[in-house]
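Colleague: I am new to this structure and would rather have a close look at one part than a quick tour. Please take the paired strands and what packs around them, and explain each term as you come to it.

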Amino acid sequence: MSKSSQLFPVPQSFGQKAQINKASYEELYRESVTDPEGFWGKQAEELLLWKKPWSKVLTWDFKTPTIRWFEGGKINLSENCLDRHLASRADKAAIIWEGNEPGETRTVTYRELHAQVCKTAALLRSLGVKKGDRVAIYLPMIPEAAVAMLACARIGAIHTVVFAGFSAEALRDRINDCGCSLLITANEGLRGPKAIPLKETCNEAVAECPTIKKVLVVRRTDAATPMEPTRDLWYHEALAKLPADADGRAESMDSEDPLFILYTSGSTGKPKGVLHTTAGYLLHVTLTHRAVFDIKEDDVYMCAADVGWVTGHSYVVYGPLSNGATTVIFESLPTYPDAGRYWDVVDRHSVTIFYTAPTAIRALVKEGDAWVKKYDRSSLRLLGTVGEPINPDAWLWYHAVVGDSRCPIVDTWWQTETGGVLISPLPGATATKPGSATLPLFGVQPVLVDDDGKEIVGNGVSGRLCMKFPWPGMMRTVYGDHERFRQTYFSMYPGLYFTGDGCRRDEDGYYWITGRVDDVLNVAGHRLGTAEVESAIVRSGLVAEAAVVGIPHEIKGQGIGAFCVLRENVAKDAATTKGILHTVREVISPIAAPDAIWFVSGLPKTRSGKIMRRILRKVGEGEFESVGDVSTLADPAVVSEIVATVKGAPLLQK
């Protein structure tokens, strides 16, 4: 298997100022696994504001499964993110909003955000929303999205945020699954050069949502917006009509009261509502945000994710605000109006910490270095990645070009289900390897198992990644279907939480995520992770982005099909194919060399940048007429091009 030979030590200047160094990480980690209840109890006391202390830190049983943290405790997430900062941070920027167009910005202080959230909480109460009710949020990346989430948390309503690029059908299904009584949306969204008709989509969805009583509409643009007078309310008008003494108080919530439901994307059949509760989730995102990003009082922190995904919940809104940080909310695209947009934002707002997805990084690699170097990025001190394994070449480009070889990179591994980061370098403590998530965070106890569930001990081994002990931020159930929760995560390997990912633990004990187990290829009896093959293809220097799937093969049973987006000015010819094959053979082995290489202009991605591999699998298997729903793709037309390419290209002769 391939392994990066490069080790990047903690920069001395960074390590000297970091909150956590190597020795303190090792001591805290040891404490967190030998005395988890003592460790998490201490963290909960130090990091959170409680209305009433808990009586028991942890009750758990992975067989049932049952997970309860801080039973008996009373808390409110909104108070932790807002009220407790007013004494010392009232005039500090809580949110810097960067709109769709460059320079369209707004700064919201903690005092202003608190006032807005309290008013919105009062508005929700006036509309009949009560503790335990479900509220759907279908908003673009504007400050009102964070306000809506925090207002729900303030009154104890359970929010379900739906990415504002999803179809009416997807929105309808999510609303109906959890029975939302209120929908908060905007008249339009703006995404690069496009206007997104959010209200129209909502009208179509809500026509089949009998539980929706009211629709609150934020005016994002001046576009004409038909309103249903008995159901729809303009958000700004409704706020203006509230009495001065409207009830914006923070509800006292049990630790285990539900906070939000977030539906996992790309699932087939009935949507799967991942349910997170209040205290444990908040503690986890507060601690991980503080530790992983080495947060300091004067940081300007930017996570480029959308609140429609868990990264936006945990590391755009809740983690940063709980820590009293300044968080940048980014509405636009990394390539709008050009490929320098991220670095323009970094330059204008003096961003110190920047966190984005490998998909975005690879797209920018393709555009060349000049777009990065055009802007002053001297404010940056830390970079991060999230969402999928990052191939080493993209990591090295991010480090050398974006970070000028001086900023550590935290390559974070986690899931919607985990609530927050589980495996990641700590920038002042962990030497990094390009492409490796490195080491577990506090309280996280990973194990690798074989297909039969037997633990694989030692280093230099590969297996399926499981967790043997709970952590505070983990999901508690699938909304309305606890048996599905048990079956999905706890039935395959009894007594363990199964992440669904394959993983390699190298000779130094570092963890390398090799992709979803259903993305593990079995080629002539050899198991290969798709992420590793993709990284090797990109290492050729010819390819900007690659996606690998299993394809039928007469001799091997399963072969390897590679969809490749070439770098600028690279020819679609036999020499390029030969160069890719040579690199894969050198980096991994001849076994990993693709049996088919298809040059395409783009990959099928959701609007958040996630590659829809199920479509590529279908195409690679020759099932051209059954690729499934493509409505959530950023560019559905790319599928037709991919199908035509595959139809016209035979397997390689190797």
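Modeller: Two strands are said to pair if DSSP finds at least two bridges between them, and the elements themselves are DSSP runs numbered from the N terminus, with helices (H or I) of at least four residues and strands (E) of at least two. This is a predicted model, in which local features need a pLDDT of at least 70 and side-chain atom pairs count only at pLDDT 80 or more, while totals for chains, interfaces and linings use all residues. Residues are numbered from 1 along each chain as its sequence is written, and side-chain values use heavy atoms, with hydrogens and water left out.

A good place to begin is strand S15, residues 273-277, where 5 of the 5 residues are buried; here buried means under 20% relative accessible area, with exposed being over 50% and partly exposed in between, for a 1.4 Å probe and protein chains only. In a regular strand the side chains alternate between the two faces of the sheet. In S15, Gly 273, Leu 275 and Thr 277 point one way and Val 274 and His 276 the other, and all of them are buried. S15 has an antiparallel partner in strand S14, residues 258-263, with 5 bridges between the two, and in that pairing Phe 260 stands opposite His 276. S15 also pairs with strand S23, residues 477-478, again in the antiparallel sense but over 2 bridges, and there Leu 275 has Thr 477 as its bridge partner.

Further along the chain comes strand S29, residues 557-566, which is largely enclosed by the rest of the structure because 8 of its 10 residues are buried. S29 is joined to strand S28 by 10 antiparallel bridges, one of which sets Ala 546 against Cys 564, and the two strands form a hairpin with 3 residues between them. S29 also pairs with strand S30, residues 596-599, this time in the parallel sense and over 4 bridges, with Ala 562 bridged to Ile 597.

S28, residues 543-553, is also among the elements that the buried residues of helix H14 pack against, together with helix H13 (341-349), strand S18 (353-356), strand S19 (382-385) and helix H16 (392-402). H14 covers residues 358-367, and 7 of its 10 residues are buried, namely Pro 358, Thr 359, Ala 360, Ile 361, Arg 362, Leu 364 and Val 365. After the helix comes Gly 368, whose phi is positive, near 100°.

Two single residues help to fill in the surroundings. Thr 530 belongs to helix H18, residues 530-539, and counts as buried because its relative accessibility is 3%. Leaving aside neighbours within four places in sequence, Thr 530 is in contact (heavy atoms within 4.5 Å) with Thr 514, Asp 519, Leu 521 and Val 548. The C-alpha atom of Thr 530 lies 14 Å from that of Ile 597, a residue 67 places away along the chain. Ile 513 sits in strand S25, residues 511-516, and is buried because its relative accessible area is 9%. With residues up to four places away in sequence not counted, Ile 513 touches Pro 389, Trp 413, Leu 465, Asp 501, Gly 502, Cys 503 and Ala 531. Tyr 497, 16 residues from Ile 513 along the chain, has its C-alpha atom 16 Å from that of Ile 513.

For the wider setting, it helps to look at the nonpolar cores, each a set of buried Ala, Val, Leu, Ile, Met, Phe, Trp, Tyr and Cys residues joined through side-chain atoms within 4.5 Å. The largest has 150 residues, and those with the most contacts inside it are Phe 70, Leu 113, Leu 150, Phe 293 and Tyr 318. Helix H7, residues 143-155, supplies the largest share of this core, 10 residues. A second, separate core of 32 residues includes Val 328, Val 365, Leu 383 and Ala 394, and Val 365 takes us back to H14, where it is one of the buried residues.
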